[in-house]
Amino acid sequence: MDSLLTSPIDAAQKPKKKGTVLLVSGELDKALVAFEIAAGFQAMGMEMSMWFVLYGANCLRKPRSLFSPAKWFARLRGGQGRNLETDTALQHVVRGLNHDGACHLPLSQLNFGGLGPMIVRRIMRRKGIAQLDELIRSARDLGVRYSICQICVDAMAFSVPDDLIVEADVRGVGAYYLDVAASDYNVTI
Amino acid sequence: MPTPIDLRLDVSGVCCPVPLIELAKSVRNLDAGQTLLITGNDPIFESSVRDFCLANGHAVVDVVAGARRSVSVLIRVGG
């Protein structure tokens, strides 16, 4: 009985455990798993840090209309981590063709040209499962730290923080190493 | 009196992991207490070098911003 009484106090005195989630994939199912883990672990008391590289950063982007100039042309004033001297026009094509926003991501299987994600979201709504954009915001509210790889930001012409729905830091592999070295849990999705 | 510099390294024009790779190669050939001046223009260059020093026990002696967004960081190699 004694140990039952003392153990929660011990847990509170210990330094917080840390975890890292690295999201590479830009697909709805994998992004859902990543945010489910990050938000759930943070709620359980772990200090989580999420990293986004390549297409993984797509789920943090603001959804833009096909006819909006902001979809095709990154603001010329740049943003965090951008090197405008080495920009090319092709970057705007890549940026425009990339999926933007948590509600525009494809599925890795059974995509059916965009019908699959609609069906999955419908099932999730019916079952009361949190949607990806809700998970992104609730993980942010719980205190998950978001970081985006600087070379991806520069190469894909993301203008941080203009293009993102949440606050994120632009950092590099050295910072990722420090995060991982201090972590008890690390996963790459 | 300015700190004597044992080795100069210029990594301008390359980005994220390459400055760290070059830095790690150069630091390997230096003894504890020697200094290295590394210059680069990667947008996250300074924080990368600071993270490298924090992870490997080196000291950042000085940081100087130069022209065209280049940054020079003076490092004292740790033991």
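These are my notebook entries on a predicted model with chains A and B.

**Ground rules**

I number residues from 1 along each chain as its sequence is written, and chains are lettered from A and ligands numbered from 1 in the order in which they are written. The model is predicted, so I ask for pLDDT of at least 70 for local features and 80 or more for side-chain atom pairs, while totals for chains, interfaces and linings use all residues.

**Entry 1: chain B overall**

I listed the secondary structure of chain B and found two helices and four strands. Here helices (H or I, at least four residues) and strands (E, at least two) are DSSP runs, numbered from the N terminus. Along the sequence, chain B reads β-α-β-α-β-β. The radius of gyration of chain B is 11 Å, and the globule rule gives 12 Å for 79 residues, so chain B is as compact as a globular protein of that length. That radius is taken over C-alpha atoms, and the rule is 2.2 Å times the number of residues to the power 0.38. The C-alpha trace spans about 30 × 30 × 20 Å along its principal axes.

I then looked up burial. A residue is buried if 20 or more other C-beta atoms lie within 10 Å of its own, exposed if 12 or fewer, and partly exposed in between, with C-beta atoms placed from the backbone. In chain B, 30% of the 79 residues count as buried.

**Entry 2: strand β2 of chain B**

I walked along β2(B), residues 35-40. Its side chains alternate. B:Leu36, B:Ile38 and B:Gly40 point to one face and are buried. B:Thr35, B:Leu37 and B:Thr39 point to the other face and are not buried.

Next I checked the neighbours of β2(B). Two strands pair if DSSP finds at least two bridges between them. β1(B), residues 7-10, pairs with β2(B) in the parallel sense over four bridges. One residue of β2(B), B:Thr39, is the bridge partner of B:Asp10. β4(B), residues 71-76, runs antiparallel to β2(B), and six bridges join them. There, B:Val71 is the bridge partner of B:Gly40.

I also traced the link through α1(B), residues 17-28: β1(B), α1(B) and β2(B) make a right-handed β-α-β unit. Right-handed means that, with the strands pointing away from the viewer, the path from the first strand over the helix to the second runs clockwise.

**Entry 3: helix α2 of chain B**

I tested the length of α2(B), residues 45-56. At 1.5 Å a residue, its twelve residues should span 16 Å, and its end C-alpha atoms are 17 Å apart, which agrees. The expected span is 1.5 Å times one less than the number of residues.

Which residues of α2(B) are buried? They are B:Phe45, B:Ser48, B:Val49, B:Asp51, B:Phe52 and B:Cys53. These pack against α1, β2, β3 (59-65) and β4 of chain B, together with α8 (173-181) of chain A. After α2(B) comes B:Gly57, with a positive phi near 75°.

**Entry 4: where the chains touch**

I counted contacts, meaning pairs of residues whose C-beta atoms, placed from the backbone, lie within 7 Å. Twelve residues from chain B and 15 residues from chain A take part. On the chain B side, α2(B) gives the largest share, six residues. That side has nine nonpolar, two polar and one charged. Ala, Val, Leu, Ile, Met, Phe, Trp, Tyr, Cys and Pro count as nonpolar, Asp, Glu, Lys and Arg as charged, and the others, Gly among them, as polar.

**Entry 5: chain A**

I closed with chain A, which has eight helices and five strands. Of its 189 residues, 35% count as buried.

Notes:
Two residues are in contact if their C-beta atoms, placed from the backbone, lie within 7 Å.
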